[in-house]
Amino acid sequence: MSPTDAVTTAIRPTPRSTATLAANRLSLPEVVAQSIGTVAPSGTPALVIPVVFAVAGNGTWLAYLFATIALLFVAWSVNQFARHTASPGALYVFAGQGLGGLWGVIAGWSLLIAYLFTAGAVIGGAVNSLLVLAHTFGVQNSDQALTIVVSLAVIAGAWFLAYRDIRLSTRTTLAIELATVVLILVVVIGAVLFVGPVVDKAQFSLEGVGSDQLRLGLVLAFFSFVGFESATTLGAEAKDPHRAIPRAVFVSVLAIGLLFIISAYGLTSIFHGQTVSLDKAEAPLTTAAEGIHIRFVGSLIDLGVALSFFACTLGSINAGARVLFALSRHGLFHRSASAAHHLNATPHVAVSLLAVIAIALSLGLTQSGHGLLDTFGLLGTIATYGFLFAYILVAAGAPFFLRRIGHYKPWHALVSIITILLLLIPLAGSLYPVPAWPYSILPYIFLGLLALGVAWFLLLKVFSPASLAALEADLVPTSQSEAQVQTQAKVRS
C-alpha cells in the first residue's frame, strides 16, 4: 500500500457510540447531488444573477467566468485531501491534517456555521419563491402567518428526508435540480435564439463596466457557489469515496459554473431593451419564458426554484449534521450529536438540532420585520464568511499535507498561493468599502460565533486533553506501515 491510500477513511468510533453512518451506499450521481443541492444552482438565475447585474451590468457573465475559474482552484485544493481521506468531518479534517488541530477546529466551526446559516437563509428563499409563484396566479396574501406555515413546512420536509435516509435525500435533490436546470436552459437559450441578440456586443465589449463594478460583481458571483464542497461530508457513505468525491467536487464546480455563465449572458441579453431592467424584474425567468410564448414553463421554473431552495435546505442540514457528528465524536460538542440512528444510519440527533436552529434563525428575522429576501441576504452573508474561511485554510494546508504523504511538488505551493489570493477577493470585497447597516456587523457576528467554538477547544486542550484523543488521531495522516497493520486487523476481524 502506498502513502496515497494510507489516510483515514472514516471518523474512528469512540467509546461514546458504536453506531456508524452507512458505508458504500451512494453512487457518483448521488454524491454529485449532495454538492449541487447545497449550492441550489436553480436559484441563482432567479435571484442572484439580477443582483450581480445591478452592480456589474454587462460584465455579469465575466464575473461568473472568473468565479468559476477561482473555484476550480479551490476544488483542486479540496481534492488533494479528498483523494486520500474520506470523513464526515470534510474540510474540518482536511484543514487539520494540513495545518494542525487548532486550524482544523477553526475550519470545522466555520463550516458548521456556514451550513447552519445557509439552511436558515434558503428557507426564506424557498418561501419567497413560492409567494412569487402564488402572485402569478393572483394570490396576494403574503402575511406573516403564511410565511410561518410555509417555513415550517419547508424545514419539516427537509428534516424528515435528512433523518430518514441519505440516499432518499440525494435522489430527491437530483430530481429537483435536474428538472429545473433543464427548464432554465430551455428558456434562456430559447429566448436568446428567438428574441436575441445572440451576439451581444455590449457584453463582449463590457460596455459601461468599470474595474470597481467588475470587482463587486465578482464578490457576489462567488456567493453563488458556496457549498459546492459538501459532497466531502459524505465520507465513506459514498461508494469508492476516494474517487467519487473528488469527481463530484470538480463536476459540481464546472457544471454549475457553465450554468451560471450561460444564464448570466442570456438573461442580460434578453433584458436589453426591455422596459423593466433585469435587476428590477420580479421573476426574470418568467419574463423570458413569456418572450418565447411559453409562460407556463416560467411558472414551472418558479416552482422548481422554490423546490431548489428546499433541496438546499436539505443539503445544508445533511452536510452540517455530518460535520457536527464529527465534531462531537472528537469531543468538541455534546456526545449526543455523535449518535447514528440504529436503522437509518443517519446522524439523526445532529440533523434534528440543526433543523431547529435553522428554522429559529429564519423565523427570528422574518417575524422581527425583515423581509424574506433580507433574511436570505443576511444569513447567507454570514454563511459565506464561514465557507471562505474553510476554503482558505484548506488551500493553505494542501501543500503541507502533500509533503506529509510524500506527494509534494514545488508547483503545489504556487497553486495554493493563487487560490488564497483569489479567495481574498470576495472576502476583502465584502468588508471594504464598509457595507451599510446591518451588513456592517455581520463579520463580527461570524467571528463571535467562531470564537466560542475555538475557545471551547482551547479549554478542553488545557483541562481535558484526553477527551481530544480521537481528534488528534484523525488529524494526523496515517503512515504506510500503520495503514497496513490497520488493514490486516480489519481483514482478520
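At what angle do helix α3 (residues 60-82) and helix α9 (residues 211-223) pack? The legends below start with that pair and then visit other parts of this predicted model.

**View 1. Helices α3 and α9 pack against each other.** The angle between α3 and α9 is about 55°, and their axes are 8 Å apart. An angle that is neither under 35 degrees, nor over 145, nor from 65 to 115 counts as oblique, and α3 and α9 are therefore oblique to each other. The crossing of the two helices is right-handed. To find the meeting place, look on α3 for L62, A63, Y64, F66, A67, A70 and L71. Their partners on α9 are L214, G217, L218, A221 and F222. Sorted by class, this contact has 11 nonpolar residues, one polar residue and no charged ones.

**View 2. Here is the largest nonpolar core, with 149 residues.** Which residues touch the most other members of this core? They are Y64, L71, F228, L332 and Y391. Helix α5 (residues 101-136) gives the core its largest share, 18 residues. As background, in soluble globular proteins nonpolar side chains tend to be buried together. Now pick out L71, which you met on α3 in the previous view. Leaving out residues up to four places away in sequence, L71 touches F222, F225, F228, V253 and Y391. Of these, F222 belongs to the α9 side of the contact in View 1, while F228 and Y391 are on the list of core residues that touch the most other members.

**View 3. Helix α11 (residues 284-291) and helix α12 (residues 295-329) cross at roughly 160°.** The axes of these two helices come within 7 Å. Are they roughly parallel or roughly antiparallel to each other? Angles over 145 degrees count as roughly antiparallel, and α11 and α12 therefore belong to that group. Their crossing is right-handed. On the α11 side, the contact is made by L285, T286, A289 and E290. On the α12 side, look for R295, G298, S299, I301 and D302. The residues of this contact divide into three nonpolar, three polar and three charged. H293 sits in the loop between α11 and α12. With 71% relative accessibility, H293 counts as exposed.

**View 4. S308 and R329 both lie in helix α12.** S308 has 0% relative accessibility and counts as buried. What is S308 in contact with, leaving aside its neighbours within four places in sequence? The answer is A40, P41, S42, G43, I176 and E177. For a sense of distance, S308 and S336 are 28 residues apart in sequence, and their C-alpha atoms are 31 Å apart in space. Next, turn to R329, which is buried with a relative accessible area of 2%. R329 and I176 are 153 residues apart in sequence and 33 Å apart from C-alpha to C-alpha.

**View 5. D200 sits in the loop between α7 (166-194) and α8.** Is D200 buried or exposed? It is buried, with a relative accessible area of 4%. Setting aside residues up to four places away in sequence, D200 touches Y265, T268, S269 and H272. One of these partners, T268, is 68 residues from D200 along the chain, and the C-alpha atoms of the two are separated by 8.9 Å.

**View 6. This view shows backbone details at L206, H293 and two prolines.** Some background helps here: most residues other than glycine have a negative phi, and most peptide bonds are trans. L206, in the loop between α8 (201-204) and α9, has a positive phi near 55°. At 25% relative accessibility, L206 counts as partly exposed. H293, from View 3, also has a positive phi, near 65°. Where are the two prolines? P433 is in the loop between α15 (410-431) and α16 (442-463), and P438 is in the loop between α15 and α16 as well. The peptide bond from Y432 to P433 is cis, with omega near 0°. A cis peptide bond also joins W437 and P438, with omega about 0°.

Note on methods:
Residues numbered from 1 in each chain as written. Predicted model: local features only at pLDDT ≥ 70, side-chain atom pairs only at ≥ 80, totals over all residues. Heavy atoms only, no water. Core = buried A, V, L, I, M, F, W, Y, C linked by side-chain atoms within 4.5 Å. Buried < 20%, exposed > 50% of the residue type's maximum accessible area, 1.4 Å probe, protein only. Helix = DSSP H or I, 4+ residues; strand = E, 2+ residues; numbered from the N terminus. Contact = heavy atoms within 4.5 Å. Axes fitted to C-alpha atoms, helices over the stretch in contact; angles between N-to-C directions. Left-handed = near helix turned anticlockwise from the far one by under 90°. Nonpolar A, V, L, I, M, F, W, Y, C, P; charged D, E, K, R; others polar.
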